[in-house]
Amino acid sequence: MKPRHQRFLLITAAVAALAIAGMFVLNAFQSNLVFFFTPTQVSQGEAPQGRAFRVGGMVKDGSLKKDGENVQFVVTDFAHDVPVSYKGLLPDLFKEGKGVVAQGKLSDDKQFTASEVLAKHDENYMPPEAKHALDKAAAAKAAASVKP
């Protein structure tokens, strides 16, 4: 085989190896990608069924029920609610009326089963998507109360 053909074969093999490595990286990235949805988006059916995602908002007052490690609560954006069940220990900052982001899957009966619960770490922080959703819901609620 001529040196020219050997170089061409080597370059082709290198490009193929890079393409395969890129495919593996993109596949791993796609399978670990987790999107954020508000309770309003979840209630409108925008959230994926059977795939992990995050839902965030405020923990509805009076909704927290603990039974050992099993916890149930409601996440709200003041327009719509999403019931959440979680098995495990909650973060120390988790409280009713405070911000929360839960990661998990939505079942067929619109029950969100969380695999991870994250509490807001101080009173100034909130994910931008959650803050926007809460502001939008508050504006809609204020507009509805002004109408005769």
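Start at Asp81, which is partly exposed, with a relative accessible area of 34%. The model is a predicted one. Asp81 forms a salt bridge with Lys60. The closest N and O atoms of the two side chains are 2.7 Å apart, inside the 4 Å cut-off for a salt bridge. The count for the structure comes to one salt bridge. Asp81 sits in strand β5, and Lys60 sits in the loop between β2 and β3, so the pair ties together parts that are 21 residues apart in sequence. Lys60 is partly exposed too, at a relative accessible area of 35%.

Now move to the loop between β4 and β5, where Asp77 is found. What does a buried acid do without a salt bridge? The nearest side chain of opposite charge belongs to Lys136, and it is 8.6 Å away. A salt bridge needs a nitrogen within 4 Å of a carboxyl oxygen, so Asp77 has none with Lys136. The contacts of Asp77 listed here go to backbone nitrogens instead. The side chain of Asp77 reaches the backbone nitrogen of His80 at 2.9 Å. A polar atom of that side chain also lies 3.1 Å from the backbone nitrogen of Ala79.

His80 has a further partner. Its backbone oxygen lies 3.2 Å from a polar atom of the side chain of Thr76. Thr76 belongs to strand β4. At 4% relative accessibility, Thr76 counts as buried. His80 is thus contacted at its backbone nitrogen by Asp77 and at its backbone oxygen by Thr76.

Phe78 is found in this loop between β4 and β5 as well. Its backbone stands out: phi is positive, about 70°, although Phe78 is not a glycine. Is Phe78 buried or partly exposed? At 47% relative accessibility, Phe78 counts as partly exposed. Asp77, by contrast, is buried.

A second non-glycine residue with positive phi is Lys110, at about 65°. Lys110 lies in the loop between β6 and β7. At 39% relative accessibility, Lys110 counts as partly exposed.

Next, the aromatic rings. How many aromatic pairs does the structure hold? It holds three. Two numbers describe such a pair: the distance of the centres and the angle of the planes. Take Phe37 and Phe53. Their ring centres are 5.4 Å apart and their planes stand at 90°, so the pair is edge-to-face. This pair links distant parts of the chain. Phe37 is in strand β1, Phe53 is in strand β2, and 16 residues separate them. Phe37 is buried, with a relative accessible area of 12%. Phe53 is buried with a value of 0%.

Phe73 and Phe94 make another edge-to-face pair. Here the distance is 4.9 Å centre to centre, with 65° between the planes. Phe73 lies in strand β4 and Phe94 in the loop between β5 and β6, so the pair ties together parts that are 21 residues apart in sequence. Phe73 counts as buried at 1% relative accessibility. Phe94 counts as buried at 9%.

One ring remains to be placed. Ring pairs link Phe112 with Phe37 and Phe53 into a cluster.

Turn to the surface. Which residues make the nonpolar surface patch of about 330 Å²? They are Ile20, Met23 and Phe24. Ile20 has its place in helix α1, which covers residues 3–31. With a relative accessible area of 45%, Ile20 is partly exposed. Patch residues must have over 30% relative accessible area, so Ile20 qualifies on that count.

Finish at Gly68, in the loop between β3 and β4. At 70% relative accessibility, Gly68 counts as exposed. Along the chain, Gly68 and Lys87 are 19 residues apart. In space, their C-alpha atoms are separated by 8.8 Å.

Methods:
Residues numbered from 1 in each chain as written. Predicted model: local features only at pLDDT ≥ 70, side-chain atom pairs only at ≥ 80, totals over all residues. Heavy atoms only, no water. Patch = residues over 30% accessible without salt bridge, like charges linked within 9 Å, V, L, I, M, F, W, Y side chains within 5 Å. Areas by Shrake-Rupley, 256 points an atom, 1.4 Å probe, with all protein chains shown as cover. Helix = DSSP H or I, 4+ residues; strand = E, 2+ residues; numbered from the N terminus. Buried < 20%, exposed > 50% of the residue type's maximum accessible area, 1.4 Å probe, protein only. Phe/Tyr/Trp six-rings, centres within 6.5 Å; stacked < 30°, edge-to-face > 60°. Lys, Arg positive; Asp, Glu negative; His and termini not counted. Polar contact = N/O pair within 3.5 Å; in protein donor to acceptor, adjacent residues only side chain to side chain.
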